[in-house]
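Visitor: I am new to this model and would love a close look at one single part of it. Could you pick a spot and show me how the rest fits around it?

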Amino acid sequence: MMDIEEPEPVEEYVAGIAGGRHYMARLCHVPDGPWYIAVIHVESLPPLHDSDRTWPTRDEAVQAADKLVADLGH
């Protein structure tokens, strides 16, 4: 009997600029699963973590990361 292994999450790095700040977001998802933001590194700020929420597509996760960084400037 073979053990079924959990699929490894796929990681993708997305760089961007929002609110005048450069950032690098690490997005993750498991195959056929939702996307989540593992961490966002923003220049001269502590890392942001927002892994509680998920998005069905990569584009939506990228937009959410962009918005999180943009909202820091307010």
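Guide: Gladly! A word on terms before we start: helices (H or I, at least four residues) and strands (E, at least two) are DSSP runs, numbered from the N terminus. With that in hand, our spot is H29, whose place is in strand β2. Please keep in mind that this is a predicted model, in which local features need pLDDT of at least 70 and side-chain atom pairs count only at pLDDT 80 or more, while totals for chains, interfaces and linings use all residues. Residues are numbered from 1 along each chain as its sequence is written, and side-chain values use heavy atoms, with hydrogens and water left out.

Let us step back for a moment to see where β2 belongs. The protein chain has one helix and four strands, and reading along the sequence gives the pattern β-β-β-β-α. Its C-alpha trace spans about 55 × 20 × 20 Å along the principal axes.

Back to H29. Is it buried or exposed? Because its relative accessibility is 15%, H29 counts as buried; the terms run as buried under 20% relative accessible area, exposed over 50% and partly exposed in between, using a 1.4 Å probe and protein chains only. Across the protein chain, 28% of the 74 residues count as buried. If we set aside neighbours within four places in sequence, H29 is in contact with E8, P9, V10, P34 and W35, where contact means heavy atoms within 4.5 Å.

Now look at L27. With residues up to four places away in sequence left out, L27 touches V10, E11, E12, V14, W35, Y36, I37, R58, A61 and V62. V10 and W35 are therefore worth finding on your screen: H29 is in contact with both, and L27 touches both as well, contact again being the heavy-atom kind.

L27 also leads us inside. It is among the residues with the most contacts within the largest nonpolar core, along with Y23, A25, I37, I40 and V69, in a core of 14 residues. Each of β1 (10-18), β2 (21-29), β3 (35-42) and α1 (58-72) supplies at least two residues of this core. A nonpolar core here is a set of buried Ala, Val, Leu, Ile, Met, Phe, Trp, Tyr and Cys residues joined through side-chain atoms within 4.5 Å.

What does R26 pair with? R26 forms a salt bridge with E11, and their closest N and O atoms are 3.4 Å apart. This pair links distant parts of the chain, with R26 in strand β2 and E11 in strand β1, 15 residues apart. A salt bridge is counted when a side-chain nitrogen of Lys or Arg is within 4 Å of a carboxyl oxygen of Asp or Glu. R26 is partly exposed, its relative accessible area being 25%, and E11 is partly exposed too, at 42%.

The structure holds four salt bridges, and two residues that L27 touches, E12 and R58, take part in a network: E12, R58 and D59 are linked by salt bridges. Between R58 and D59, the closest N and O atoms are 4.0 Å apart. R58 counts as partly exposed because its relative accessibility is 31%. Further along, the side chains of K67 and D71 meet in a salt bridge at 2.8 Å, N to O. Because they are four residues apart in helix α1, about one helical turn separates K67 and D71.

Let us finish with the loops on either side of β2. G19 lies in the loop between β1 and β2, and because its relative accessibility is 56%, G19 counts as exposed. On the other side, D32 sits in the loop between β2 and β3. D32 has a positive phi of about 65° although it is not a glycine, and with a relative accessible area of 87% it is exposed. A similar note applies to S44, which has a positive phi of about 60° without being a glycine. Its place is in the loop between β3 and β4 (48-55), and at 74% relative accessibility S44 counts as exposed.
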